[in-house]
Amino acid sequence: MLKISKEENLIQQHQVARQLIRGVAHEIKNNSIPLTIGGDHSLAIGTIAGVNDAKPNNFGVLWVDRHFDAHSPKNTPSWRAHGMPTAVAI
């Protein structure tokens, strides 16, 4: 298994989120409805931020999940973003 540091992990998570933000915002601004599908809860970070970039404070989120995913960098045991999307969005 590939081992990366917490810092490398956060950098990679940030890069993915930035790409998703740009893509989602671009689609909304072009009157399309983006559909993001992925295997990790952390994709919600970029998806929600992208919608906010395109329509600032003019949208809602319906969060359906078995658990809240509200860890933050201050209280996460793993430093993995898949446990943080709700905290980041809030």
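Trainee: Why is Asn57 called exposed?

Mentor: Asn57 has a relative accessible area of 75%. A residue counts as buried under 20%, as exposed over 50% and as partly exposed in between, using a 1.4 Å probe and protein chains only. The value for Asn57 is over 50%, so it is exposed. Before we go on, keep in mind that this is a predicted model, where local features need pLDDT of at least 70 and side-chain atom pairs count only at pLDDT 80 or more, while totals for chains, interfaces and linings use all residues. Residues are numbered from 1 along each chain as its sequence is written, and side-chain values use heavy atoms, leaving out hydrogens and water.

Trainee: Where does Asn57 lie, and what makes its backbone notable?

Mentor: Asn57 is in the loop between H2 and H3. Its phi is positive, at about 55°, although the residue is not a glycine. Asn31 can be described in a similar way, with a positive phi of about 60° and no glycine at that position either. Asn31 sits in the loop between H1 and H2.

Trainee: Is Asn31 buried or exposed, and how do you know?

Mentor: Asn31 has 73% relative accessibility, so it counts as exposed.

Trainee: What makes Asn30 partly exposed?

Mentor: Asn30 has a relative accessible area of 44%, which lies between the two cut-offs, so it is partly exposed. Asn30 also belongs to the loop between H1 and H2. From Asn30 to Ala54 there are 24 residues in sequence and 9.7 Å in space, C-alpha to C-alpha.

Trainee: How many helices and strands does the protein have?

Mentor: There are three helices and zero strands, and the order from the N terminus is α-α-α. Helices are DSSP runs of H or I with at least four residues, strands are runs of E with at least two, and the numbering starts at the N terminus.

Trainee: Why is H1 called oblique to H2?

Mentor: H1 and H2, the latter covering residues 43-54, pack at an angle of about 40°, and their axes are 7 Å apart. That angle makes H1 oblique to H2. Angles under 35 degrees are roughly parallel, over 145 roughly antiparallel, 65 to 115 roughly perpendicular, and the rest oblique. The axes are lines fitted to C-alpha atoms, for helices over the stretch in contact, and the angles run from 0 to 180 degrees between N-to-C directions.

Trainee: Which residues make the contact between H1 and H2?

Mentor: Among them are Val16, Leu20, Val24 and Ile28 of H1, together with Ile45, Gly46, Val51 and Ala54 of H2. The residues of this contact divide into 12 nonpolar, three polar and two charged. Here Ala, Val, Leu, Ile, Met, Phe, Trp, Tyr, Cys and Pro count as nonpolar, Asp, Glu, Lys and Arg as charged, and the others, including Gly, as polar. Contact itself means heavy atoms within 4.5 Å.

Trainee: Which residues make up the largest nonpolar core?

Mentor: That core has six residues: Leu20, Val24, Ala25, Ile28, Val51 and Ala54. H1 and H2 are the elements that give it two or more residues, and H1 supplies the largest share, four residues. Such a core is a set of buried Ala, Val, Leu, Ile, Met, Phe, Trp, Tyr and Cys residues joined through side-chain atoms within 4.5 Å. Ala54 touches Ala25, Ile28 and Lys29, not counting residues up to four places away in sequence.

Trainee: How do you know that Thr86 is buried?

Mentor: Thr86 has 6% relative accessibility, under the 20% limit, so it counts as buried. Thr86 lies in H3, residues 85-89. Beyond residues up to four places away in sequence, Thr86 touches Trp63, Phe68, Asp69 and Ala70.

Trainee: Why does Ser42 count as buried?

Mentor: At a relative accessible area of 18%, Ser42 is also under 20%, so it is buried. Ser42 is in the loop between H1 and H2. Its contacts, leaving aside neighbours within four places in sequence, are Ala81, His82 and Pro85.

Trainee: What makes Ile4 partly exposed?

Mentor: Its relative accessible area is 28%, between 20% and 50%, so Ile4 is partly exposed. Ile4 lies in the segment before H1, which spans 6-29. Outside its neighbours within four places in sequence, Ile4 is in contact with Asn9, Gln12 and Arg80.
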